Amino acid sequence: MTAARGRPSLTERRRQETRLEIAETAAALFSDQGYDATRVEDIASAAGISLRTFYRYCAAKEDALTPVLTSGVGLLVDALTTRPVDEPLTSAVQAAFDSSASARRLADPEQARRLVRIMATVPAIRMRWLAAGRDMQDQLVPVLAARKGAPEDSMEVRLLACALIDALSVAMEHWAWQDEPEDVVELTRRALNYLRIDEL
């Protein structure tokens with residue numbers, strides 16, 4: 001029996017689950033003991049898989065986090081598509097960011113802050129984080145174009161997508177590096193309001 005059109009097969013869903021389990025295990029280890037101190041063997045052991053299985057899913061240690069970085073790429077876009085078209089864009093993006101899926105990723109704030117610091121300072125992981133951000137920009141473009149009534153190849157729409165993702169990224173990094181962190185939701189709200197995109 002084949003999978004429904006547009007839906008991953010059972011085998012592919014299991015692969016995705018395994019990738020995410022490896023990524024979440026790696027994220028916890030990187031956060032708790034540091035990136036450099038964590039070996040591939042540690043990740044595999046904690047995830048309950050063999051080294052061979054690890055390398056089947058990840059070419060190198062720095063690739064282990066990729067599913068964590070990319071799993072949220074579509075969440076904001078999907079949430080944004082459910083917001084009313086006439087809702088101010090700042091409010092719509094903030095509501096999408098505040099969705100339950102986003103909140104789940106921040107269930108352990110201290111671990112999340114340590115993880116953001118790792119993503120910002122380990123060059124190999126930062127490259128993958130930046131790539132995930134660019135992917136999110138590309139996914140935002142058609143949604144923003146539809147909301148603005150503009151063509152998808154419009155420079156202004158692409159600039160808007162870039163500004164939104166950069167604002168959220170800067171807010172997250174600022175939150176991660178504060179000694180006494182402010183509420184991350186309030187920081188993202190401030191960052192989005194600073195752009196004044198509703199005045200465009």
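**Close-ups of an all-helix chain**

Of the 200 residues in the protein chain, 41% count as buried. The model is predicted, and the legends below go from the whole chain down to single residues.

**Figure 1. The whole chain, with 11 helices and 0 strands.** Read from the N terminus, the elements go α-α-α-α-α-α-α-α-α-α-α. The radius of gyration is 18 Å, close to the 16 Å from the globule rule for 200 residues, so the chain is as compact as a globular protein of that length. Drawn along the principal axes, the box filled by the C-alpha atoms is roughly 55 × 55 × 30 Å. Take the contacts with a separation of 6 or more: 64% of them join residues 24 or more positions apart.

**Figure 2. The surface of the protein chain and its charges.** The accessible surface adds up to about 11,500 Å², and carbon and sulfur atoms own 52% of that. As for charge, the chain carries 25 positive and 30 negative ones. Average the positions of each set and the two means end up 6 Å apart.

**Figure 3. Helix α1, residues 10-33.** This helix has 24 residues and runs 34 Å from its first C-alpha to its last, close to the 34 Å expected at 1.5 Å a residue. Its buried residues are Thr18, Ile22, Ala23, Thr25, Ala26, Ala27, Leu29, Phe30 and Ser31. When you look for a pattern in a list like that, keep the helix geometry in mind: an α-helix has 3.6 residues a turn, so residues three or four places apart point the same way. What comes right after α1? That's Gly34, and its phi is positive, near 95 degrees.

**Figure 4. Leu80 in helix α5, and what it touches.** Leu80 sits in α5, which covers residues 73-81. Is Leu80 buried or exposed? It's buried: the relative accessible area is 1%, and the cut-off for buried is under 20%. Leaving out residues up to four places away in sequence, Leu80 touches Ala92, Val93, Ala96, Leu140, Val143, Leu144 and Arg147. Val93, one of those contacts, is 13 residues from Leu80 along the chain, with 6.3 Å between their C-alpha atoms.

**Figure 5. Leu75, also in helix α5.** Leu75 is partly exposed, at a relative accessible area of 28%, whereas Leu80 is buried. Which distance goes with the pair Leu75 and Met136? Their C-alpha atoms are 9.4 Å apart in space, with the two positions 61 residues apart in sequence numbering.

**Figure 6. Helix α6, residues 89-97, mostly covered.** How many of its 9 residues are buried? The count is 7, namely Leu89, Thr90, Ala92, Val93, Gln94, Ala96 and Phe97. Among them, Ala92, Val93 and Ala96 are touched by Leu80, which lies in α5.

**Figure 7. Ala96, a buried residue of helix α6.** Ala96 counts as buried, with 1% relative accessibility. Here the partner to look at is Val77: Ala96 and Val77 are 19 residues apart in sequence and 7.8 Å apart in space, C-alpha to C-alpha. Ala96 is also one of the residues that Leu80 touches.

**Figure 8. Arg196, in the segment after α11.** Helix α11 covers 184-195, and Arg196 is found in the segment after it. Is Arg196 buried or exposed? Its relative accessibility of 54% makes it exposed, since the cut-off for that is over 50%. The backbone is worth a glance too: phi is near 55 degrees, a positive value in a residue other than glycine. The positive phi after α1, by contrast, belongs to a glycine, Gly34.

Key
Residues numbered from 1 in each chain as written. Predicted model: local features only at pLDDT ≥ 70, side-chain atom pairs only at ≥ 80, totals over all residues. Heavy atoms only, no water. Helix = DSSP H or I, 4+ residues; strand = E, 2+ residues; numbered from the N terminus. Expected span 1.5 Å × (residues − 1). Buried < 20%, exposed > 50% of the residue type's maximum accessible area, 1.4 Å probe, protein only. Rg over C-alpha atoms; globule rule 2.2 N^0.38 Å. Contact = heavy atoms within 4.5 Å. Areas by Shrake-Rupley, 256 points an atom, 1.4 Å probe, with all protein chains shown as cover. Lys, Arg positive; Asp, Glu negative; His and termini not counted. Charge placed at Lys NZ, Arg CZ, Asp CG, Glu CD.
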